[in-house]
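Good morning, and thank you for the time on today's agenda. I would like to walk through one chain, element by element, with the display in view.

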Amino acid sequence: MSVHCTVAKQALTNAGFLEVKSPLFGEALGSEYRRVLAPPWSITAWLDTGDALDHVDIHLQLGEQSVGNIHRVTTDAAVADLPAIVATLSALAGTDTLKCPKRKVRWIATKLPKPRDGWQPFLSCTGMRVGRSREGKRIACDGTSTALQPIVTH
Ligand SMILES: [Zn+2]
């Protein structure tokens with residue numbers, strides 16, 4: 001199964017996505033498409049380089065931070081789901097479903113394992129990263145959420 005890059009790009013353009021030219025990555029790594037919602041929310045789709053892509057991941061974005069679950073498009077036929085994915089993510093943006101259930105302050109985002117990690121993707125608080133304080137490194141919040149399926153495959 002694969003998604004053809006041209007098919008994905010056409011569907012993204014039709015759905016109101018614009019390509020983001022990032023000086024950080026360059027075109028060698030792939031391309032990023034974004035559809036702006038009510039600021040600061042947007043929807044991001046990432047396309048790896050190549051003609052036949054293994055999948056295209058689509059998720060919400062708050063500023064430059066990925067938030068919520070991932071919708072993974074895996075076939076050319078499933079590209080037709082894009083308008084429905086956009087509708088689902090637009091309705092989710094800014095809602096309590098995306099808040100960390102532990103403190104209801106930060107948001108939840110999908111944590112993806114590397115191939116050999118041996119754990120499944122899950123949704124965790126965006127505070128679950130090591131921060132710095134006077135006492136040294138600390139984890140801001142260790143909340144997790146089961147409110148959404150971490151990866152929805154199309
Ligand atoms: Zn939290």
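Let me begin with the second helix, H2. The cover over the buried residues of H2 includes H1, E3, E4, E6 and E7. I should say at once that this is a predicted model, and everything that follows is to be heard with that in mind.

Which residues of H2 are buried? They are Leu82, Ile85, Val86 and Leu89. These residues lie on the same side of H2, because the arc they cover around the axis is only 100 degrees. The face of the helix turned away from that buried side carries Pro83, Ala84, Ala87 and Ala91, which are exposed. Just after H2, please note Gly94, with a positive phi of about 80 degrees.

Now turn to the other helix, H1. Its buried residues are Ala8, Ala11 and Leu12. They too share one side of their helix, since they cover an arc of only 100 degrees around the axis. On the other side of H1 we find Thr6, Gln10, Thr13 and Asn14 exposed. Against what do the buried residues of H1 pack? Their partners are strand E1 (3-4), E3, E4, strand E5 (52-53), E6 and H2. Just after H1 there is again a glycine, Gly16, whose phi is positive at about 90 degrees.

For orientation, the chain as a whole has 2 helices and 13 strands. Of its 154 residues, 25% are buried. Among the contacts with a separation of 6 or more, 47% are between residues 24 or more positions apart.

That brings me to the core. In soluble globular proteins, nonpolar side chains tend to be buried together. Here, the largest nonpolar core has 24 residues, and those with the most contacts inside it are Ala8, Leu12, Ala45, Val56, Ile58, Val79 and Ile108. Two or more residues each are given to this core by helix H1 (5-14), strand E4 (41-47), strand E6 (56-62), strand E7 (65-73), helix H2 (82-92), strand E8 (108-111) and strand E9 (122-125). The largest share, 4 residues, comes from H2.

Leu12 offers a convenient route from the helix to the strands. Leaving aside its neighbours within four places in sequence, Leu12 is in contact with Phe17, Tyr33 and Ala45. Two of those names return in the strand pairing: Ala45, in E4, is the bridge partner of Tyr33. Strand E3 (residues 31-36) and E4 run antiparallel and are joined by 6 bridges. The two strands form a hairpin with 4 residues between them. Pro40 lies in the loop between E3 and E4, and the peptide bond joining Pro39 and Pro40 is cis, with omega about 5 degrees. E4 also pairs with E6, in the antiparallel sense and over 6 bridges. Within that pairing, Ser42 stands opposite Gln61 in E6.

Next, the loop between H2 and E8. Thr95 has its place there, and it counts as exposed because it has 10 C-beta neighbours inside 10 Å. From Thr95 to Trp107 the C-alpha distance is 9.8 Å, with their positions 12 residues apart in sequence. Lys104 is in this loop as well. What backbone feature does Lys104 show, although it is not a glycine? Its phi is positive, at about 60 degrees. With 9 C-beta neighbours inside 10 Å, Lys104 is therefore exposed.

I close with His154, in the segment after strand E13 (151-153). Is His154 buried, exposed or partly exposed? It counts as partly exposed, because it has 19 C-beta neighbours inside 10 Å, while the cut-off for a buried residue is 20 or more. Apart from neighbours within four places in sequence, His154 is in contact with His71, Arg72, Val73, Thr74, Ala78 and Asp81. The C-alpha atoms of His154 and Asp76 are separated by 10.0 Å, although the two residues are 78 apart along the chain.

Thank you. I will gladly return to any part of the display.

Terms used: Residues numbered from 1 in each chain as written. Predicted model: local features only at pLDDT ≥ 70, side-chain atom pairs only at ≥ 80, totals over all residues. Buried ≥ 20, exposed ≤ 12 C-beta atoms within 10 Å, placed from the backbone. Contact = placed C-beta atoms within 7 Å. Core = buried A, V, L, I, M, F, W, Y, C linked by C-beta atoms within 7 Å. Pairing = 2+ DSSP bridges. Arc of directions from axis to C-beta.
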